Amino acid sequence: MQFGRWSFVASALAFSFVGATGVEAQYLAERLMPAEPAVVGTPQRFAFELRGGPYTPDAGTAFAESFGDDDGPLLAMELDVLVYRVPYVGFLGIGTGLGWARYTGEAEGPGGVDVDEETSLALIPVPLMGVLRIDVLARELNVPLLVTGKLGADFVFWSSGTGAVDQGSGIGIGLRWGVQLALELDWFDLAAARALDEEWGINHSFLFGELFGSTAEDDFPLGDTSWAIGLGFIL
Amino acid sequence: MDRTLLGPSGMTRFLLPLGAATAAVLLSAPTAVQAQMVSICPISVGGDLDLITSCNFTQPIGIEDCQAAAPIRFQADRVPSGASVLDFWRGDNCSAVEQRGPDGTCVHLTEAETAGTMFQFDVPAPELVDCETDHGVQTPTIWVFATDESMEQGMVDPAAIAQIALPVDTRRPAPPEDVEGGAGDTAIPISWDIPAGNTDLFSHRIYVAIGGELVGGGELSADAGALPDGGAMDDAGSADDAGATTDAGPDAGPDDAGTGTDGGPTDAGPDGSLPSMFLPIADDGGLEGGTLDGGGGLGCSPGPLQAGLFIEGEPFLTVGESVAAASLNGAELGLDFGQTAAIVVTAVDEAGNESPTSNVACITRVQTVGFCDRIGGCEEDGCTCRAAPGAPRPGAATAMAAGVALGALVWFRRRRKR
């Protein structure tokens with residue numbers, strides 16, 4: 001710091017005494033005041049998300065009559081492997097996830113009368129997607145926003161029963177897509193973000209909202225178009 | 001001669017270390033009393049080894065043990081050779097002579113003959129615990145003196161005294177309240193309230209009656225039959241006479257229960273600590289000369305079930321002490337669709353005492369419609385959530401195409417990197 005301060009004085013004097021142009025002064029300043037070394041974080045290899053939001057399979061009147069307005073929620077996590085960094089764009093990766101949602105309602109008796117027995121439907125979506133995480137705004141323009149696109153396949157394991165009887169189960173398959181907008185949390189406290197990276201390898205953390213959809217279907221539709229919010233990490 | 005040794009200073013130097021060594025040996029070695037202290041250890045009740053752990057009772061003696069005069073087996077060890085009797089007393093500090101006197105607080109219970117220094121022997125539970133008085137959990141101290149005289153009134157060597165903490169509980173818990181039943185197929189719900197005073201419960205039992213018969217068999221009685229006819233223990237005769245159901249009912253007469261006033265159903269009232277609950281049961285399971293409780297508004301035929309009865313039989317279902325709800329499978333019960341069944345619930349405490357039955361509630365098996373039934377694919381053995389066969393799965397084709405495209409993209413990028 002001492003050296004830098006004197007270097008600044010020296011360059012200012014040099015500028016004023018020799019009448020140097022701005023370029024020459026800048027050249028002298030850079031020679032006398034070396035720039036601070038750039039901060040290099042740990043490698044970014046993974047993205048991990050915890051998420052939750054409403055989810056109502058498009059199973060038609062059967063779902064509505066059985067479960068009313070029950071919309072889950074669908075709780076899920078996702079892990080992306082960031083395989084390639086597209087310069088000045090972001091990361092391309094492959095992701096998979098695991099979710100869970102359960103719906104319950106009262107079964108009906110003869111004549112449509114409600115009986116004290118429960119009917120249920122459980123879903124476990126397992127998507128497999130390609131992911132493009134665009135972080136150019138955060139990395140190049142200091143705008144702490146991330147945009148992510150996801151596209152792939154959705155495998156939804158389901159099971160249903162009434163009372164003590166398991167009546168059916170299976171796997172629905174379909175297309176899965178998602179568009180995500182995230183707010184990077186590094187922006188709030190850079191020092192803490194840097195410490196998190198050094199100690200835990202968490203390069204960035206973010207809050208996100210995502211619009212997603214699934215066309216998964218078995219013998220009845222299991223997909224939905226919905227939204228989710230959550231917390232994510234780049235590791 | 002060594003003057004040094006025989007002189008005063010020499011003797012001191014010789015005796016002092018010897019005395020110190022002797023004192024050390026005496027203090028470190030177990031005393032004669034400690035080494036020979038008699039041990040009277042309970043090992044089973046009525047043959048059940050699980051009720052006792054490390055010579056300690058883990059479960060109180062209950063009404064059934066009293067009723068059956070369950071033998072408590074003891075292991076006696078280090079019994080002094082001069083002892084011919086193990087004398088049992090109950091009370092506080094019965095080792096004090098005055099407590100065993102006419103003005104003392106200790107009560108003489110029974111005695112058992114010795115059979116050497118180490119042996120096992122049985123004592124019927126009613127001879128050691130108060131089976132007459134209706135009380136919750138109590139843990140009186142039983143004192144056992146290994147002496148040569150029954151009804152020992154004198155001093156007893158501390159090494160010949162053993163103490164046993166013997167928990168006993170002769171109070172039945174209160175029956176569950178507000179039992180309710182519902183309708184369903186394979187998970188018919190039932191629920192009840194646990195009375196606030198039932199703090200030492202072990203389980204709840206659910207009994208079901210269909211068409212006038214208890215599922216799983218069993219007998220019902222309005223007579224507790226659990227406690228001897230009233231009066232003092234001496235009046236009830238020997239342990240064999242007291243407590244059995246038949247003795248507490250019509251068979252109980254003067255010979256069985258001591259004096260005439262102690263025998264028979266009416267005597268279980270004024271002479272005893274508990275009121276008589278005898279009500280004659282008719283052959284059809286109803287009350288003789290009376291009307292069935294639970295009628296008028298009950299949506300099922302209660303059959304033999306009624307509030308306040310005592311059941312001797314296997315419950316259909318047993319749940320935990322803090323559980324206040326359960327579900328019954330109508331198919332497992334053998335109910336047809338539209339058929340009803342009557343249920344009652346009892347509470348059982350840690351001592352195994354079972355409460356009288358709760359109020360009667362009804363359950364009904366009905367055919368239910370759930371999510372899968374609405375989807376379709378229903379057959380005789382149930383619904384499978386399957387729509388009509390051959391239905392196309394457009395989502396699968398799209399997903400496969402997306403997967404192929406993704407794989408191609410990754411392969412193309414890796415080729416370009418090479």
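Tutor: Helices here are DSSP runs of at least four residues, and strands are DSSP runs of at least two. In this predicted model, chain A has five helices and eight strands by that count.

Student: What makes B:Cys66 and B:Cys131 a disulfide?

Tutor: Their sulfur atoms sit 1.9 Å apart, and the cut-off is within 2.5 Å, so the pair qualifies. The search of the whole structure turns up four disulfides over all chains.

Student: Which parts of chain B does the B:Cys66 and B:Cys131 pair tie together?

Tutor: B:Cys66 is in helix α4, and B:Cys131 is in the loop between β7 and β8, so parts 65 residues apart in sequence get tied together.

Student: Why is B:Cys66 called buried?

Tutor: Buried means under 20% relative accessible area. B:Cys66 comes in at 3%, so it counts as buried. B:Cys131 is also at 3% and counts as buried.

Student: What about B:Cys94 and B:Cys106: why is that disulfide called left-handed?

Tutor: The torsion about their S-S bond is about -105°, so the disulfide is left-handed. Their sulfur atoms are 2.0 Å apart, with the limit at 2.5 Å, so this pair passes as a disulfide too.

Student: How do you know that strand β4 of chain B and β7(B) pair?

Tutor: Pairing takes at least two bridges. These strands have six, in the antiparallel sense, so they pair. One of the bridge partners in β7(B) is B:Asp122, matched with B:Arg73. B:Asp122 belongs to the uncovered face of β7, along with B:Gln120 and B:Pro124.

Notes:
Residues are numbered from 1 along each chain as its sequence is written. Chains are lettered from A and ligands numbered from 1 in the order in which they are written. This is a predicted model: local features need pLDDT of at least 70, side-chain atom pairs count only at pLDDT 80 or more; totals for chains, interfaces and linings use all residues. Side-chain values use heavy atoms; hydrogens and water are left out. Buried means under 20% relative accessible area, exposed over 50%, partly exposed in between (1.4 Å probe, protein chains only).
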